[in-house]
Amino acid sequence: MSTSVLPPLLPRIDAILVLDGEGNRLAGKYYGNFCTFSGTAASSSSSSSSPPTTSSSISTTVEDLRKSFERQLQAKIQGISARPDAAEVVTVQGKTAVFCGGLAAGATPTAGGSGGDVRVVHVGPSSESELVLAHLCEGMYDALSHLMGGQTDRNMVLDNLELVFLLIDEHCDGGVVLEVDGHKLASSVLLRDEAEEGMVGGGGGGLSEGGGGEGAPSSGAAPVMGGFRGFGLQNGGDISIAQAFRQAKQQLIAGLQADGM
């Protein structure tokens, strides 16, 4: 008997991706055997003449598989804008993919306006309910929008990338969904980030890619002050990055509590 089979009513997630308008992966995680080297290794092992596979070649092949999937995904969702409360559904490589966000064809992001070109994508097996996947995707996108101050554009996400990885971890662990409510997710992310910041002495630290950090562009530097435009911080040039984080968290938590949390 297999112990890895999830209960029938528990949603299964194969991947969570945060993509920019051109389909580049800003953050994300793959779960289980989806887009892994296992299938390729099984087929290559039947050939006795093939050289032994090294760990570096496995890693490269897995990344190639994932990028190939993401290119096919982008080809189907490019130019489609999905409302935060109405996820769109596409099928890629036999998988069901639902997404929120993005810009419609020909549209351009407005400076300082809400929304952006970033899409949140949930990938599940073809047998999974589209409505369930859409509900999960909408919840995470709502949390992302709260954390980014309503500006879900590429620059804002990159400036606060560590929060995005924390959000993915709070939302899903090993393909098992932990929380869906956007307000609760945003609060959990801020509290966890504050706790981790306290353990390292409140430093601004580099970006964390949590659990293998699937393909996020890491600059090795702390988020810049521009990442807090959506929170309306005052005197940004006179405070440290750590202080800016703390002030942004306090403002966002206060706003979430005012909304009825």
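Are Phe34 and Phe69 buried or exposed? In this predicted model, Phe34 is buried, and Phe69 is buried as well. The setting of these two residues is best approached through the sheet, the helices that lie across it, and then the aromatic pairs.

The sheet is open and consists of five strands in the order E2-E1-E5-E4-E3, paired in the antiparallel sense. Its edges are formed by strand E2 (25-30) and strand E3 (88-92), each of which pairs on one side only. On average, and ignoring direction, neighbouring strands of this sheet are turned by 20° against each other. In general, strands of a sheet pair through backbone hydrogen bonds, in either a parallel or an antiparallel manner. Here, strand E1 (residues 15-19) is joined to E2 by five bridges in the antiparallel sense. Within this pairing, Leu17 has Gly28 of E2 as its bridge partner.

Two helices that lie across strands of the sheet also pack against each other. Helix H3 (residues 130-147) lies across E1, E3, strand E4 (95-101) and strand E5 (119-125), and runs at about 35° to E4. Helix H5 (residues 161-171) lies across E1, E2 and E5, at about 25° to E2. The axes of H3 and H5 are 11 Å apart, and the two helices pack at an angle of about 145°. The crossing of H3 past H5 is right-handed. On the H3 side the contact is made by Leu136, Met140, Ala143, Leu144 and Leu147, and on the H5 side by Leu163, Val164, Leu167, Ile168 and His171. Of the residues in this contact, nine are nonpolar, one is polar and none is charged.

The aromatic residues complete the picture. A search of the whole structure finds two aromatic pairs. In one of them, the ring centres of Tyr30 and Phe34 are 5.8 Å apart and the planes stand at 35°, so the pair is tilted. Tyr30 and Phe34 are both buried. The rings of Phe34 and Phe69 have their centres 5.0 Å apart and their planes at 90°, so this pair is edge-to-face. Because Phe34 lies in the loop between E2 and helix H1 (38-44) and Phe69 lies in helix H2 (residues 55-77), the pair ties together parts that are 35 residues apart in sequence. Tyr30, Phe34 and Phe69 thus form one aromatic cluster.

Technical notes: Residues numbered from 1 in each chain as written. Predicted model: local features only at pLDDT ≥ 70, side-chain atom pairs only at ≥ 80, totals over all residues. Heavy atoms only, no water. Pairing = 2+ DSSP bridges. Helix = DSSP H or I, 4+ residues; strand = E, 2+ residues; numbered from the N terminus. Axes fitted to C-alpha atoms, helices over the stretch in contact; angles between N-to-C directions. Contact = heavy atoms within 4.5 Å. Phe/Tyr/Trp six-rings, centres within 6.5 Å; stacked < 30°, edge-to-face > 60°. Buried < 20%, exposed > 50% of the residue type's maximum accessible area, 1.4 Å probe, protein only. Left-handed = near helix turned anticlockwise from the far one by under 90°. Nonpolar A, V, L, I, M, F, W, Y, C, P; charged D, E, K, R; others polar.
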